[in-house]
Amino acid sequence: MMVRCGSFGSLKLAILASLSVVSVLFSLVRADDLSAEPIPVDVALVLAVDVSRSMSPEELLIQRRGYAAAIASPAVIKAIQFGAHGRIALTFFEWAGSGHAREIIGWSLIETVGDAQAFADRLGSGRSLAASRTSISGAIRHGSGLLDALPFQADRRVIDISGDGPNNEGVPVTLARDEAIKAGIAINGLPLLTSGGFYSSFSIPELDAYYRACVVGGPASFVVPVTDWEQFPEAVRRKLVLEIGGLMPDARPEGRPVMTVQYTARPAYDCMIGEKIWQQRRQQFFLDP
């Protein structure tokens, strides 16, 4: 009987020890689960930049330098630090036709001056590669995919589209826009009413109105037109401050105009104008912008 009792006691101790180990492991798993929760950010911002052949090499360089200078500017840093979380998520890619989306910098956490400067330095260290055609719809869909794969928890999700011409390839731009808005993504625009590239004849003079009617949408969405490349760095800086702060622009601001957009009340516009111009030019010249 003494042996049997001893065996029972040993078995009991072994069971208790096993339960203790399981309890510790369960606590560790829970702790790991908690530590793996995504870092919260005030906004996840996709910077989608047009590099179609309607822009000259000089203009592509101005774009890169303008974004780099704006991201590292004191005004943008201040806007980030004033947020509820004091940090944002940022990514930058260049686009042209529906099959061209070149990631320059993947998702990055921007919280300090050093973070912003490192992002800006990476932008400034490379150069843009031009490509054929203009697919704003492809850029919106690519940006939406990047937001779906976001490794952070964002209070707001925004795609920032800059470009110098209307959509002329891929699905209609309004279809891609409406898909993004339905997913809770806001789209803002920086239409470049400039010319200089070999294919600049594919642009339209009222590109700001086109962006307002056909491209942008969602909560507090807006358009910042650029009519001269000298305005570009300041326009980017201003746009980033508004997007980071989640602010609705003043309808009559000082300096460059900002066009606010209401998703439910859009001005009438032919949102297929880019596709029509492309077909006309193709029939005439057999070109491939």
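How much space lies in the second largest cavity? About 30 Å³. The model behind this value is predicted.

## Cavities

The count comes to 2 cavities of 30 Å³ or more. The second largest cavity is lined by Leu 45, Ile 71, Val 76, Ile 80, Ile 88, Leu 90, Ile 110, Leu 240 and Ile 244. Three elements give two or more residues each to this lining: helix H3 (74–81), strand E3 (88–95) and helix H8.

What classes of residue make up that lining? By class, there are 9 nonpolar residues. Polar and charged residues are absent from the lining of the second largest cavity.

## The largest pocket

The largest pocket has a volume of about 160 Å³. Its lining holds 13 residues. Nearest the centre of the pocket lie Arg 156, Val 158, Ala 186, Pro 219 and Ala 220.

Strand E6 (157–163), strand E7 (186–191) and helix H8 each supply at least two residues of this lining. By class, the lining of the largest pocket has 7 nonpolar, 3 polar and 3 charged residues. Helix H8 thus appears in two linings: that of the second largest cavity and that of the largest pocket.

## Lys 239 in helix H8

Helix H8 spans residues 232–245 and contains Lys 239. Is Lys 239 buried or exposed? Its relative accessibility is 0%, so Lys 239 counts as buried. The cut-off for buried is under 20% relative accessible area.

Which residues does Lys 239 contact, leaving aside its neighbours within four places in sequence? They are Tyr 67, Asp 160, Gly 189, Leu 190, Phe 222 and Val 224. Asp 160, one of these contacts, falls within the range of strand E6 (157–163). Gly 189 and Leu 190 are also among the contacts of Lys 239, and both fall within the range of strand E7 (186–191).

## The disulfide

The model has 1 disulfide. Cys 214 and Cys 271 form it, with their sulfur atoms 2.0 Å apart. The angle about the S-S bond is -85°, and the link of Cys 214 and Cys 271 is left-handed.

Where do the two cysteines sit? Cys 214 lies in helix H7 (residues 207–215). Cys 271 lies in the loop between strand E9 (259–260) and helix H9 (273–285). The pair therefore ties together parts that are 57 residues apart in sequence. Both Cys 214 and Cys 271 are buried.

Conventions. Residues are numbered from 1 along each chain as its sequence is written. This is a predicted model: local features need pLDDT of at least 70, side-chain atom pairs count only at pLDDT 80 or more; totals for chains, interfaces and linings use all residues. Side-chain values use heavy atoms; hydrogens and water are left out. A disulfide is a pair of cysteine sulfur atoms within 2.5 Å. Helices (H or I, at least four residues) and strands (E, at least two) are DSSP runs, numbered from the N terminus. Buried means under 20% relative accessible area, exposed over 50%, partly exposed in between (1.4 Å probe, protein chains only). Contact means heavy atoms within 4.5 Å. On a 1 Å grid over the protein atoms alone, a cavity is a set of points where a 1.4 Å probe fits but cannot get out, and a pocket is an open set with protein on both sides within 12 Å along at least five of seven lines; lining residues have an atom within 4 Å of a point. Grid points are joined across faces, edges and corners, and a volume is the space filled by probe spheres set on the points. Ala, Val, Leu, Ile, Met, Phe, Trp, Tyr, Cys and Pro count as nonpolar, Asp, Glu, Lys and Arg as charged, and the others, Gly among them, as polar.
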